[in-house]
Amino acid sequence: MASYVPHTDQDLARMLSDLGLADLDQLFASVPAALRLAGGLDLPPGRPEPDVAAEMARLAGRNRAAEELVCFAGGGAYDHDVPAVTRALAARSEFVTAYTPYQPEVAQGVLQALFEYQTLVSRLAGLPVANASLYDGATATVEAVNLATAATGRKAAWVSEGVNPRWREVLATLTAGNGTQLVEVPLRDGRTDWAALGPGPDGPPPGALVVASPNYLGCIDPLGPARAAADAAGALLIVAFDPVAAGLLRTPGEQGADVAVAEGQPLGTPLSFGGPYLGMFAVAQAHVRRLPGRLVGRGHDIEGRTAYVSTLRAREQDIRREKASSNICTNQTLVAIAAMVQLAWLGTAGLRELALRCARGTRYARESLLGLPSVRPLVSAPVVREFALELPRAPEVVVERMAEEGFLAGLPVSTEGREGLLVAVTEKRSRAEVDAYVQAMEKVLA
Amino acid sequence: MSAPGGRAASSPLLGRAAEPTIFDLSVPGRRAASFRTTGMPEWPAEQLVPASELRPEPVPLAEVSERDLVAHMTRLSHRQYSVDLGAYPLGSCTMKYNPKVCDEAAALPGLLAVHPATPPAYAQGWLELMWSLAHALCRVTAMDAASLQPPAGAAGELTGLLLMRAYHRGNGRSPHKVLIPDSAHGTNPASVTLAGYQAVSVPSGPQGVVELGTLRRYLDDDVAGMMLTNPNTLGLFETEVASLAEAVHGCGGLMYYDGANLNAILGVARPGDMGFDIVHMNLHKTFAVPHGGGGPGAGPVAVTRALAPLLPGPVPARLEDGSFTWLVPERSIGRAHGWHGNALALARAWAYILANGADGLKRVSEVAVLNANWLLSRLRGVYTVPFDRPPMHEVVVSARGAGGDARPGRHGAGLRAVDVAKRLLEEGFHSPTVYFPLIVPEALMIEPTETESPETVAALADALVAIARQGPGPAAGAAPRTTPIGRVDEAGAARSLVATWDQG
Ligand SMILES: Cc1ncc(COP(=O)(O)O)c(C=O)c1O
């Protein structure tokens, strides 16, 4: 078996004898005999490294990766190219095997990278302060709602149905205990219908309105009406944005968002079967002291040198304990560092070009598919990132049949009682791949 | 004795000049990015995005060459301590060596390049991996079913407490209080509040563990349950755990196991056998998933049969024909993650479990405990040991009074934990955890882990002893002087907040 314990038998014997113990078992004298596990763990024996590698390769071989099952699925996880430089720098063991930067004098590397990450997220969001990462887009949304209910003292949030349905489910799960009332606001033709609630349902007034733009159907959901609805209700506005589409769209901040959240996976993180991803989180200045998670600040050492350090620590669970508004400790720093590298590699012109290439592929694929008989748009609002189509067959069946043709066709979605297929096209998809996809779709729908 | 492999004092961390930020390095027009040839029509932005939504200018990021980007990040990496550089004895955090074979496994394209919405028939490898891992974790903890969704320990705590809540509701009850010992980690009370419960702190006894007699005074039928870390954050096994569990169960409560310290008891004892109902594990501690500078980790939750139908779903399941699929438990509390959890962290943990096996995992705990005991034997008499009983995998000592007499005005009185931490950096080791647990003044919480050799543990002990013997004074207060920057003015940074380059 592989062993990462350096001790030789002689080491063990000598250390035990130094401690006056006869064997390793005696180290556990404080564990009551009745609780001791007799016979050891019911697991196979350890294996040598090459066997472990072979077993992991066997498991990996039982999946069909995005190369074989050409990926047109999005829904919060996007198949972008990740350049070699991002992979190489995010794999540096100085970052990979470090802990949370509790001793800033020997953690300037991680701290400065996070400071640069925070700056980039702040610019993407159009808000002055961003934290050093949360787990993913879903939990960033939960934290944003918790921030808003704490800031307003109102235990309710109105959430657009354009917000990723899995994120909404996580929101419902993780706020079940703290008494936040969640009210869903319907979409009409791909945009949130804020008027649908009228004066609002019974119950407490909302502390937050939550909207996504682009939303789950890929549509641009105008933030002006969302801001107006938030003002009318006296609530904070939380906007879920997309960090790639951000290359083309106006920022949440300039359109009145109090909090902006995003799933950061499209910035340098592979599909990874859904994790680890990256929760991006930015706030207006007024909410800095309620920011969940870690925040890196720039200051000085006692001799006046520039120094980066975790700051406003009094917000965090280790100090505030039961009064903390967030419990996050371990976050997603390494994924944030990858995103920082990816954004620096893309650069000012590159992010715009990336967004543009995604929008072009999206349009090309959408128009091509709409050329097929009985394929119709599910909604008509403008899209940039992905799009939803109404098909003449059940979307679940289409996904299955398209997989046989070598495509991950998309995700089934529904809106206003109608079903459709959600299709994403990134800069990685060529015209030839889209043409082949459309051909396969024609066959599947025939 | 041979030289200690875990001492990093030779690391040059070149130069003490500040590293410019990526924004300082930016030159207008310079670029690194290039994109694939796709043959797509090249519609302009104005034809793709409504004018009212289109941003007039690109988002200002940085404009650097790939070469400068690599140099910048490489220099930053040289200003960063890591397990790969040397010993990292942060108590509670379990900074053990992270085997490279696990990195390679997590980088396999067949794991990395799979979309999370891939139909189960095309993701059998991932489902088999997750199913196998969930089962192995249940065997390690004596639980019946697990969800791998929570992305870290704190997320596991909240999920576990919401399971507790759903369980009580299912029985038509809604108790309000969750008991936690005063030595508990900050995430415990924070999670309790988020779950809608009231956190009630139970004092540890003179032996550093919770005593049944004390616990009884806090028990009534408004108690939903108790959270316990075992061994606890003092590194001590909660010897009365079985009777604590019985008493909590007796008033209708459930027992929650914070698995941050599970690495001390692998193959030796199991939470389920101690009476726990809900367990979270920090795979980034016990199962060697690297900490990534603060994350990502993974915090799966495992439960007894009674709670299994409530678990977050979907969970991986094996069908009669041996294939795998997703199944939502019948009374699931709902998703705790946007997809299936931190999957690549789960893959690393599975590779680690395969490599170690039953025998290797037990050896992990044995040697982790041996190293901690051996370290303590070298610190005793120099540092104050507040609860001087044989520890498990970590030791908690106090810097107050270290190296001498703790009475005011005497040598040893003024040594602070922070000074010990900073001095240790000068000796070529990362600092231990300081000021935690809160019940020990000037606490130093030291966890050598099983992957540090006796030579390294001895050198670490020698360094700690030398620091205590020097005692407080200008040298301690001025440390560290060998690092890229000196001691940081943390209060100053908080007072005049600069959280982005644009604010600077
Ligand atoms: C005792 C204890 N409980 C809980 C946690 C929280 O785990 P995580 O950081 O993975 O959220 C930690 C670690 O930070 C811990 O040491």
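Analyst: In what follows, a salt bridge is a side-chain nitrogen of Lys or Arg within 4 Å of a carboxyl oxygen of Asp or Glu. The structure is a predicted model, in which local features need pLDDT of at least 70 and side-chain atom pairs count only at pLDDT 80 or more, while totals for chains, interfaces and linings use all residues. Residues are numbered from 1 along each chain as its sequence is written, chains are lettered from A and ligands numbered from 1 in the order in which they are written, and side-chain values use heavy atoms, with hydrogens and water left out.

User: Why are the side chains of Glu128(B) and Arg62(A) said to meet in a salt bridge?

Analyst: The N to O distance between Glu128(B) and Arg62(A) is 2.5 Å, and the pair therefore satisfies the distance rule for an Arg nitrogen and a Glu oxygen. Between chain A and chain B the count is 7 salt bridges, and the search of the whole structure finds 49 over all chains.

User: What makes Arg30(B) and Asp68(B) a salt bridge?

Analyst: Their N to O distance is 3.9 Å, which is still inside the cut-off, so the pair is counted.

User: Why is Glu322(A) called partly exposed, and what is Lys323(A) called?

Analyst: Buried means under 20% relative accessible area and exposed over 50%, with partly exposed in between (1.4 Å probe, protein chains only). Glu322(A) has a relative accessible area of 33% and is therefore partly exposed, whereas Lys323(A), with a value of 59%, is exposed. The side chains of Glu322(A) and Lys323(A) also meet in a salt bridge, with 3.8 Å from N to O.

User: What is known of Cys71(A) and disulfides?

Analyst: A disulfide is counted when two cysteine sulfur atoms lie within 2.5 Å, and the structure holds 0 of them over all chains. For Cys71(A), the nearest cysteine sulfur, that of Cys358(A), is 12 Å away, so Cys71(A) is in no disulfide by that rule.

User: Is Cys71(A) buried or exposed, and how is Cys251(B) classed?

Analyst: Cys71(A) has a relative accessible area of 3% and is therefore buried. Cys251(B), at 18% relative accessibility, also counts as buried.

User: What makes up the contact between chain A and chain B?

Analyst: Contact means heavy atoms within 4.5 Å, and by this rule 187 residues of chain A are in contact with 200 residues of chain B. Their buried area, that is, the accessible area (1.4 Å probe) that two parts lose on being put together, summed over both, is about 16,800 Å², with 64% of it on carbon and sulfur atoms. The interface also holds 82 residue pairs in polar contact, both residues at pLDDT 80 or more. A polar contact is a pair of N or O atoms within 3.5 Å; within protein, one must be able to donate a hydrogen and the other to accept it, and residues adjacent in sequence count only if both atoms are side-chain atoms.

User: What joins the two domains of chain A?

Analyst: With bounds from an automatic or database domain assignment, chain A is divided into domain 1 (67-79 + 347-445) and domain 2 (84-341). The contact takes 28 residues from domain 1 and 26 residues from domain 2. Together these domains of chain A bury about 2,200 Å², 65% of it on carbon and sulfur atoms. On the side of domain 1, Leu351(A), Val384(A) and Arg385(A) lose the most area to domain 2, together 22% of what that side buries. The rule finds 1 salt bridge across this interface. Arg385(A) forms a salt bridge with Asp242(A), the closest N and O atoms being 3.2 Å apart, so this pair also meets the definition.

User: What lies between domain 1 and domain 2 of chain B?

Analyst: In chain B, domain 1 covers 103-354 and domain 2 covers 361-492, and their C-alpha centres lie 30 Å apart. There, 29 residues of domain 1 are in contact with 20 residues of domain 2. The area buried between these domains of chain B is about 1,900 Å². The count between them is 0 salt bridges, but 7 residue pairs are in polar contact.
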